[in-house]
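Here's a quick tour of one sheet and one residue inside it. Have the viewer open while you read.

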Amino acid sequence: PSITFILPDGERRTTEAAVGDTAMYAALSLGLDGVVAECGGNAVCATCHVYVEHGLEKLPAVAADEDDLLDGTAAERLPNSRLSCQIKLSSDLDGLILRIPDRQV
Ligand code: FES
């Protein structure tokens, strides 16, 4: 599925990710340093915070541990805030657009 990241400066980067990859992995493979992902995708650090600008309705509901972490993000939590390591990419999510916050720590 195709996934696009909007960087804090407005630049857009798109990549073709593999089904089953996480959005965090896609960001790291693009070399985007705005996704820090300190804990390596284990849902304990909240430094992989993103705002879902397109495709939010296709994502599963926020899990309890993700919800707790989203309360502690460095950038403000918004209704479309998610942890990118908890977004598993599928063909259904093709065209997903994620905005990277201006800070993760
Ligand atoms: Fe640590 Fe997502 S990478 S919570």
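What follows walks through the strands of the sheet and then zooms in on a single threonine.

## The sheet as a whole

First, a caveat: this is a predicted model. The piece to look at is an open sheet of five strands, and reading across it the order goes S2-S1-S5-S3-S4, with mixed pairing. The edges belong to S2 and to strand S4 (81–83); each has a single partner strand, so one side of each is left without a neighbour in the sheet. From one strand to the next, the twist averages 35°.

## The S1/S2 hairpin

Start at the S2 edge. Strand S1 covers residues 2–6 and strand S2 covers residues 12–16, and the two pair in the antiparallel sense over five bridges. To get the register right, match Ser 2 with Glu 16, its bridge partner in S2. Thr 4 likewise has Thr 14 as its bridge partner in S2.

Together S1 and S2 make a hairpin, with five residues between them. If you're checking backbone torsions, have a look at Gly 10 in the turn: its phi is positive, at about 100°.

## Strands S3, S4 and S5

Over on the other part of the sheet, strand S3 (residues 49–54) runs antiparallel to S4, and three bridges join them. Val 50 is a handy marker here, as its bridge partner in S4 is Arg 82.

S3 also pairs with strand S5 (residues 96–99), again in the antiparallel sense and over three bridges. For that pairing, the residue to click on is Val 52, whose bridge partner in S5 is Leu 98.

## Zooming in on Thr 4

Back to strand S1, where Thr 4 sits. Is Thr 4 buried or exposed? With a relative accessible area of 10%, Thr 4 counts as buried, because the cut-off for that label is under 20%.

So what does Thr 4 touch? Leaving out residues up to four places away in sequence, the list is Arg 12, Arg 13, Thr 14, Leu 96, Ile 97 and Leu 98. Thr 14 turns up twice in this story: besides being the bridge partner of Thr 4 in S2, Thr 14 has a side chain joined to that of Thr 4 by a polar contact of 2.7 Å. Leu 98 is on the contact list of Thr 4 too, and Leu 98 is also the bridge partner of Val 52.

How values were computed
Residues are numbered from 1 along each chain as its sequence is written. This is a predicted model: local features need pLDDT of at least 70, side-chain atom pairs count only at pLDDT 80 or more; totals for chains, interfaces and linings use all residues. Side-chain values use heavy atoms; hydrogens and water are left out. Two strands pair if DSSP finds at least two bridges between them. Helices (H or I, at least four residues) and strands (E, at least two) are DSSP runs, numbered from the N terminus. Axes are lines fitted to C-alpha atoms, for helices over the stretch in contact, and angles run from 0 to 180 degrees between N-to-C directions. Buried means under 20% relative accessible area, exposed over 50%, partly exposed in between (1.4 Å probe, protein chains only). A polar contact is a pair of N or O atoms within 3.5 Å; within protein, one must be able to donate a hydrogen and the other to accept it, and residues adjacent in sequence count only if both atoms are side-chain atoms. Contact means heavy atoms within 4.5 Å.
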